[in-house]
Each structure stands twice: as structure tokens, then as C-alpha cells.
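Work through the two exercises below with the coordinates open, and try each one before reading its solution.

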Amino acid sequence: MMISQFFVLSQRGDNIVFRDYRAEVPKGSTETFFRKVKFWKEDANAEAPPIFNVDGVNYFHVKVVGLYFVATTRVNVSPSLVLELLQRIARVIKDYLGVLNEDSFRKNFVLVYELLDEVIDFGYVQTTSTEVLKSYVFNEPIVIAPARLQPIDPAAIFTQGAKRMPGTAVTKSVVANDPSGRRREEIFVDIIEKISVTFSSSGYILTSEIDGTIQMKSYLSGNPEIRIALNEDLNIGRGGRSVYDYRSSSGSGVILDDCNFHESVRLDSFDSDRTLSLVPPDGEFPVMNYRMTQEFKPPFHVNTLIEEAGRLKAEVIIKIRAEFPSDIIANTITVQMPLPNFTSRASFELEPGAAGQKSDFKETNKMLEWSLKKASVESFPRSFMVSNITKEAGPVSMTFTIPMYNVSKLQVKYLQIAKKSSSYNPYRWVRYVTQANSYVARI
Amino acid sequence: MAPPAASQRYPSPSQPSGKSEVTDLKSQLRQLAGSRAPGVDDSKRDLFKKVISYMTIGIDVSSVFGEMVMCSATSDIVLKKMCYLYVGNYAKGNPDLSLLTINFLQRDCKDQDPMIRGLALRSLCSLRVPNLVEYLVGPLGSGLKDNNSYVRTIAVTGVLKLYHISASTCIDADFPATLKSLMLHDSDAQVVANCLSALQEIWSLEVSHSEEACREKESLLSKPVIYYFLNRIKEFNEWAQCLILELAVKYVPSDSNDIFDIMNLLEDRLQHANGAVVLATVKVFLQLTLSMTDVHQQVYERIKSPLLTLVSSGSPEQSYAILSHLHLLVVRAPFIFASDYKHFYCQYNEPSYVKKLKLEMLTAIANESNTYEIVTELCEYAANVDIAIARESIRAVGKIALQQYDVNAIVDRLLQFLEMEKDYVTAETLVLVKDLLRKYPQWSHDCISVVGGISSKNIQEPKAKSALIWMLGEYAQDMSDAPYVLENLIENWEEEHSAEVRLHLLTAAMKCFFKRPPETQRALGIALAAGMADFHQDVHDRALFYYRVLQYDVHVAERVVSPSKQAVSVFADTQSSEIKDRIFDEFNSLSVIYQKPSYMFTDKEHRGPFEFSDEVGNIPITPEASGDIVPAQQFEANDKDLLLSTDEKDDNKGVSITGSAYTAPSYDNSNISSQMQELAISGSATSAATPQSSFDFDDIFGLGLSTAPARTPSPPLLKLNPRAALDPGAFQQKWRQLPISLTQECSVNPQGIAALTVPQSLIKHMQSHSIHCIASGGQSPNFKFFFFAQKESEPSSNYLTECVINSSSAKAQIKVKADEQSTSQAFATVFETALSEFGMP
């Protein structure tokens, strides 16, 4: 292990926190790092990889809410360990501050230093458990009121970050007391599914995958044990068969390709009745990650048609059909399609009566964008027309969020909190959300 | 992004550091220092925060050191912590002032509150001031005995800090021994984990000048210690688990039951959500089963799914780290992953560093059953908006074409790329078509008709232009306008900036001239004249050479410049299998990410816990190993013009096979049949399965048959540890200490002497007999080698040997020194036997 330094830089490259544990890396490492990341290659498109070596110093970084979390070392360490650690440090800090951003960081940097001192000693990781850290950390967080955040629409909390959503819903610190003095007893369990689908040009599904997480955040006092029951017809692994074998019928329950669990989870009765038991530590953590390639019904069907209408003109028709129950509403939907470089003009036709929809042609990156605030099953299909393009456009990609809906049919059947008193009845929130990861239709 | 208002409120480091602010702070702190007024702690907190915020953004606040220390006489733990942080940061630069802090830190080390004891001890050890070490020993000693585990964890790390400030103080106080007993007896898992990391670090650094450290380091790898850790691995937190797993990797199991016991103990670690734990476990599994072919393959099957889950469940950065390891496994055993190819399809929103890895993996696993799908998918990426990825995709298609037998369809796809009329697509494709033609000349007809239609005006990139020119020269008889296109290009000689293109123009003009003299004569004349007047040395030289050869004899010139060629069967691999094996040994480290063994990017002292590399690094194969790549690249470079004959290529491959042969036995050299299996695996894994290489196998197999019976009747009395490790410092020390127990002269067979032209080959040969070289030198006729070996049963029993070989007399002088003198004769026999086999077929 042995990390030499840890620091957090803003998007502009300012030091927000900086801790040197072993004094092995020469001064100026923050500048070296920032320059390297900003100007990785002449080619502006190439992003700097998360790990690189400059003059014998290895730099590791992860990007969280636009901030760079960086570690340096001269030792040939395990790369996963350091990246995992950086991600974990970000989560611990978020647990304490409630909201993770540059502002909350700057207001609480003394607390952050306090945390860092306990998380790493002389370059060796000590603990990253919010629970354990609580007894060593004394500064109280200065919580930023959520109202001071930029106004965000309800789904935005699920759309930050590239792949894993950061803090799901709750933006209160695990240690801060409510102004009222009493803490609300509650527990959140979120089933978050990111789906990737690739449609061929003829509209059939080439690949599909669900990457899911059951995420938990507990504000229960006294650390009671919790039991979570999942679908009884849940199966894991598909024997020796290829995971992309679509012949298996979808009627035989939920079949996960594979899953892994948080270290606090006990699986004693998982094989018999599909229940997980755990004493949830404080803070937010994934109880279980799972992966599924079993055939499922994609929430949207995308169909694209291009017709050349003359030598310098083409017509694109994009049809999107929603295929989920009518009481479910999807929001923040964006459809994007790159157009050829020589496109000079695009015009749009939306279906009559389309409210809350916007279409735009971004001249700079030749990108066609169509966004819908929200959509339920009635508001589809939609199509619109663009002119003046020929071949080499596409593929069409789509992003969306569908709250209270999950495609895998994995469910939390019940959430049991073991506590003796009968009057004890904390709030339990079980929420589902489906999000597009890579949702692409080829042309 | 923070709202703009926020950024104004905080000073950014680019703003000038206010000297006046610091002076201000100084006087305010001074006022508060003596005050006992109520609420003074709150004001102190505010001031302390300000100091630390200046410190963070790089303003020098060391001038308030005295005031900070004065203010720290408080019972407020938050204040104390801030003060400790400050002191830790500036003590090194102000050793005199640090003395001020010693008093209050020592007092705090005896506080009632374990929290304060711990914090004070940590700060005390973090001062990093050499002349204060005497103050550390006492508090550390009591810290290690503290009844609170928090204090003990800190004290253990404190010992390590002390070691780095003053190693002798740490050793003299006998702290390592205390840590060892804590490690084996403490009830707190974190204390135990810290002991392990501290001891590993201390003993690795001590090894060079202390035999005891060497033994202690070995003892960490003894069976009881390993099982002590593995049996209670779940009591440790995830980070400490990684530490333990990394230790277990180095353990040499006694038998196969031992191996299965460990694997069963660790099986459920593969389900951990932390990728670092899973990868560390995977490494243990892979290393343990290296000598068990079937189980090793089962391990691959077993780890596939957990790794794929980790790839899709983490942040892009975490995925990248896991994917890099999958990449390594995929390249080693493509057939195991062949059916999982869809997992390596790129998603449109992935960062380019992830996409690049995936493209390489798709290339590696393409085989007869999945090529069609993979190539179809790659062709989709060729139209990608991200040009870098589009280029990589086209290259991937080309690589697949070069490694497949049935390339019919792929060639069609490539030709379709040319019709896309995107400059960069055309450029990449041309380079590929050229390589394809070199391997499959039978396609020339189809390719030429398409390539002929490309206007050279649309191609700017030197590599693509060179490829086109090469084809014009090579296939001048099939492309009707070849001479005229070339002439056109030659006439614009002055505008051609790339020397590479000009070199190709010269050669192409020559080739074209031999095929169609009347049409090319004029162009060749211009080219030679322009070439001889060129500023670029190589262009000038080549033009002059062509000119002279033509002058001498046109037919000779033709034989030199445009001989009939055999198709290239396999393009040289850029990385030797030896380097790949080294990277595999360093699984779960940065070596995998950088795709380089650690000695290429770390200085020795920082190679960390991966002693594998040290062990091999001692043998001076380093220059040779890195040199290995260079010839391969030169191959590629030379290939551009003159194709190597198949035989030469296969020679090259033969070398790589012997390369793997010598690493394989290091795991088990007593069993020849397993050695052969190893060979078979590495052979197929490096996809060198051509008829020629199987012939090589037979060769080696023949050796196995002939020597095996010879060896069985007299098994060596002495078993040596195939993975022995001794670092040069320890070797030197031993060499000086021990008396010579044996001197012998023996003869080396003539084949051996012949093989000695490459002294490395002897080193490899001896290593396969568990005798390791630590240094070598000399020149023909006198070569000098220092070897060492260890008894398998007792790692502390070493044999050191000096071996001087005179190649003209074919005699070797051996001097043996041994820890256990009584067995030195047995060792000498083993050594002599090994030496006498050197060079035998």
C-alpha cells in the first residue's frame, strides 16, 4: 500500500486539501498532476487515464462531483486498492458533510483533515468506515443547506457522475444533529439499475445489460440488525452456459449473472430464502452489486430512419416508443445524434401538440439534441425531421431516468428491522430507479 | 462547479500571499495565548482554522509557530488536533522550535483520555526531526503496551516512523521484536495489520545488512504465520485483507492439499465488493496453481464472472484498473474468454482509455467462432465521432485479419473503409492493406484494384503515404498508372516533408523501374538526383547507394532491391514472452496498468512488496530483457522494405520459446512432465502455434525423454529452492564472512562453450536448476559468475559460488562457500552436474 500524498484539487487546479504522509514526493506534485491531466495529449479528445507516472511518481485520480481526488506514491502498489480508496474517501467525506462540493469542502476543511489523519497513517490505510471514524473525529460539520445548492430538478441527483450515482437522495450528515435536536429514525434502500442496450439498425437488440446496486443509507440509532428479502425466484449464475445465451426463457424468474456483497452482509440464509442480513454501518454503502444479461424488455424502443432527399439533403425520422406501464413517468430524456461534419443546417418537426420538448442543433460539435422534460407511455411515439444531411451520421444515443421502475424485476420483498420495542417503527424508504447507461440505436 | 460567489470568498493560491494577514494572526494568537476568558476556545478555533487554511493553499505560516504552541495548552480536543496538524507540517523546517512542542506532546502522551494519548503520540512521531529521536523511545514503548487499541495502532506505525528517522535507534530499542510479538498475540485486528506492514517494511530495508532480518522476513512466510492470518482474515477490514493476501502470494505451499486449503479459505473473498480484495485473491489463486495446469484453467473460469461484475459496478476509474487486469488475462488465455466477447464491446459514453483497452481485448479474443461479430462491431466504431477510437478500431480489424486464417470477409470490410472517404479512415486502412498484402499476397488483385483508385492527393499522413508508395512499387506491374503516379509524387519531391516518404519513393521508383523500365526511367532519374541532393542523411545515402548499385550491375541491383519474397507468416511480437511473464508475476500492481515490469518504471527502493521483481532483478538480465524489445521493433522497421524470410522469423520465435522454458521450471523443476505442460501452455498462450513451433516442441520433448531416465537413477541428494531470494548486499556480506569450503575444477563441454557467446544463456540454464546468478562479467575467454542457491527445506542455508570459466581451455574453476559446510560437497555435485548439462541439446 503506502501512499505518499493525498490531495483534492478543484476543476481550476486549486488545492482544496493537501496531506503529505511520507515526504517522498518532491514539491510541486499538485502542479505536475494538474498540468498532465489538463493537457494529456495534443488530441483534445483523449482523457488522461486515472493512473500515470511522471518522473517515477505514480499519480492516481478519480473525479467526483467535478473535483479531483488524487493520491501519489513511488511504490509499485495495487492500482485497484488506491482507486478504491480514493472513491471511499470521497464517500466518507460526503457522509460527514452531507453534501459534497467545493463549497462544503472549503467550509469544512479542518474536519476533512481530521478524517484524513484517521483514514491514512504514514501511507497505510487504517479505516474507511464512517462508523469507526465517528469515535475519532470531533469537528462538527458546517452543513450547507440544500436550499443553497443550485436548483436542480428531481432527477438530477441521479444523473451526476458518469456511472455510479453518488449520494442518492439524502443530503444530511451522519453526525450533524437536526436543528430540532432529535434525529429522525429512518433508513433508505435504493435499487438503482443502469441499463445498456444497443439496437441494430433494423431495431433488434444486439446487446443488453443491467448493472444494478442495492444502496443503503441508515440513520437508525443503536445499529439494529436488518434483514432484506429479495425475490424468491432469484437465481445467480447461469451454469456453464455463455452469459449471452438468449435462449433461456425470461419466465423462470430473475437470473443474475453474478453479484457481490458489502463486507457487512451475512449470507447465512441467502441460499435457502434469498434474504440478506446485516448490521448497517453508518453512512452510505452498496449492500450488493449485481450484473444481469438475461433478456429484458427495454423501456424505450428506438427506431431511426434516414432517407436522402436530394443530393445535399436528408431526412431523419426518430421514433421512440415507451414500453413501461402507464403510471410510470420517465424524466430528463435526451436524445442525441451526431451529424456529419459538413452539415450546415438542420430543421425540426415535432409531432403536433408536443409540450415540454426542445430540439436543437449544436453547431460546434455537429450534434443534434432533442430533450423531453418527462414522458409517460401516452406521450410516445414522437418523431422529428432534420434536413441537409447525407450518410455517416449517428448513432442515436439516449439518456433518461425512470423513477420507481426497474427492468430486472429484482425486488426488495421486505425490510425487517430487528428491535425489541414494539413502538419502534422507523421510516423505511425502498426506492427504485432505472437509468440509461449506454443506450444506443445504430443507423 | 461552485457558484461564482463562492470562489470570490476564498483566496485562491494565485492571489498574492498577504504578509500582513500572517502578522495579524500572529498578534491575535498572542493575545489569546494567556487568556482564560470564557469562550476563548471558540475564538482560538477560528484563528487556528485560518492558519490551517493558509497552510493548505500554500501561504507560509511557519512564523506563528511559537504562538501556536503557546495556544495549545488547552483541553479542547478539536484545538489540539488542529495544533498537531500544524506542528506536523512545520516541525521539520524549524527543528529548534520543535523542541518547544516536545514538552507538551510528551505530557499529552500520558493523558487520561486514550484519544489524546494516541493523537499526541502520532504527532510526536511525525515531527521527523532527527535530533529529537531520543524523546520518542519512551512514549513509543509505553504506547505499544497501552491498554487501548487505538493507542497501540498508532504506536506501531510510530515505530515505523522512528525507523525512517533513525533506523539504529529503532533497532537498538528492540522494537521489531516487540512488534512481532504484538503481531502474533494482539487481540485487535488493526494493531496486527499495522505490525505486519511495519515489519515488512523494516525487514525489507534491513535485509541488505542483517542476516537476522533476512531470516525474520522469511519467517513471515512460514506456514504457521500464513495460516494464522488466513484463518482469521475476516476479522480484518478490507484494506488489511489486501495486505494479508499480498503476503500469502509469496508463500510457497508444501503440497497440493496445502494449495486447496488456502483456496477454500479464500473462495468467498471473490464475492467481495472491493475490487482490491478480489484482485489480491485472484493473484493468490493464479500463483498457487501455476504448476497445476487443469486447476489453473479452472481458476480462470472461476474469476471471470466476479471480475466482469467489478468492471460494470464501479466508477470508470475503478473499471479501468480491473479491465487492465482482465486484459492481461485475456491476452494470456484468449480461448477462455472467447465466448464473452460481448462484454468487451465499447459503450458510447465510456472514457477513451477504457475503450482502447477493450479494443485490444477484442483483438486478442477474436477466433474462428466470433470473428464475424467482432469485426462487424469494430466496423461500427470506425465511423465513431471520436477519431482516435475510430483509428484504433480500424487497426484492430487489421490485426484480426493478420491473425486469422480466413480473412476473406475482413478484406472486403477493409476495402469498404476506403470507400468511406474520410481521410483518417483511408490513411489507417492503407497501412493495414499494405501489411495484409505482405502476409497474403494472394489478395493483391482485389486490393490493388481498390487502392489504385485512391488519389494520392488525399493522403497526407506519412505512414499512409509510405504504404501507398510501397504498394505502387511492389505491384507496379498490376497498377497501370503506377509509374505516372510515382512520377507525379517525385516531381513534388521538394514539398514532401517526411523523410520516411522520400525513402519509400526512392525504393518504389527502383522497383517500378525493374518492372517497367521505359516508363519509369525518367522518374527514377529525377528521384535519384533529388535524393542525392537531399539534406536528410539516410535519403542521401540510400539514393547514392542505389545509384552505385545500378552503375555496377542492373541485375545485381534488382536482386538487392526487388528480390522475390516469401509472405510474412507471423509479425514479430513487440513484447517478449519473458517480459509478459514478469508482468504476470506482478499481477495486481502498476506493472499491469503500464504493461511494463516494475524495474522499468520504479527505482529499486520503491518496488514495494513485490519481491518477485527484486529476485529476478538481481540477475543482471535487465539490460538484456529491455534489449529484447529493441530488436523486435527493429524487425518491424526493417520489414517495411525487405521482408524477412520465414526461417528468420521462426528463429526469432524459437528464442521466445526457450525464454518461457526457463521461467517455467522455477516453480517446479523436479518434475519434468509438468515442465513440459508448462511449456505447452505458454506456447499456446503466446499464440505461436504454428507447425514450425510444434517441431520445436518435439525437439524439446526429445530432450525430456533422453535426460529423464538418466537423471532418475541418481536423484540429487540436495534439493534446492527454485524461488530462492538473496539480495546483492546480503550476498556480498556472506561472501566476505564465510570461508571457502570447496574449490574444484571441472570441464565444460564444447557445446556449452559455444553457447557461452551469450553468457545470459548459462544464467538461464543454471536458474532452471535452481541456481541463481547474482552477478556476472568478463569477456572471452574468461567469464566470471557469482551464483547462489538455497536449500529447499531450510531457506536460511545458502550456497554461494564463484565460477570462472575459461572458454579457450573449456575449464571451469568453482569456489563454494556455504552456511552449512557439511553439505557443500553435495551442492558442488549438483552444481557440476548442472554445468555439465549446459549446452547439451
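The exercises that follow concern a sheet in one chain and a helix in another, both taken from a predicted model.

**Exercise 1.** Determine the order of the strands in the open sheet of chain A that contains β10.

*Solution.* Begin with β10(A), residues 225–230, which pairs in the antiparallel sense with β23(A), residues 412–418, over six bridges; within this pairing, Ala229(A) has Tyr414(A) as its bridge partner. Next, turn to β15(A), residues 275–278, with which β10(A) also pairs in the antiparallel sense, here over four bridges, and where Ser277(A) is the bridge partner of Arg227(A). The open sheet has four strands, and its order is β14-β15-β10-β23 in chain A, with antiparallel pairing. Its edges are β14 (265–266) and β23 of chain A, since each of these strands pairs on one side only.

**Exercise 2.** Check whether the length of helix α25 of chain B agrees with the span expected at 1.5 Å a residue, and state how many of its residues are buried.

*Solution.* Helix α25(B) runs over residues 423–439, which makes 17 residues, so at 1.5 Å a residue the expected span is 24 Å. The C-alpha atoms at its ends lie 25 Å apart, which agrees with that expectation. As for burial, where the cut-off is under 20% relative accessible area, 16 of the 17 residues of α25(B) are buried, and the helix is thus mostly covered.

How values were computed:
Residues numbered from 1 in each chain as written. Chains lettered and ligands numbered in written order. Predicted model: local features only at pLDDT ≥ 70, side-chain atom pairs only at ≥ 80, totals over all residues. Heavy atoms only, no water. Pairing = 2+ DSSP bridges. Helix = DSSP H or I, 4+ residues; strand = E, 2+ residues; numbered from the N terminus. Expected span 1.5 Å × (residues − 1). Buried < 20%, exposed > 50% of the residue type's maximum accessible area, 1.4 Å probe, protein only.
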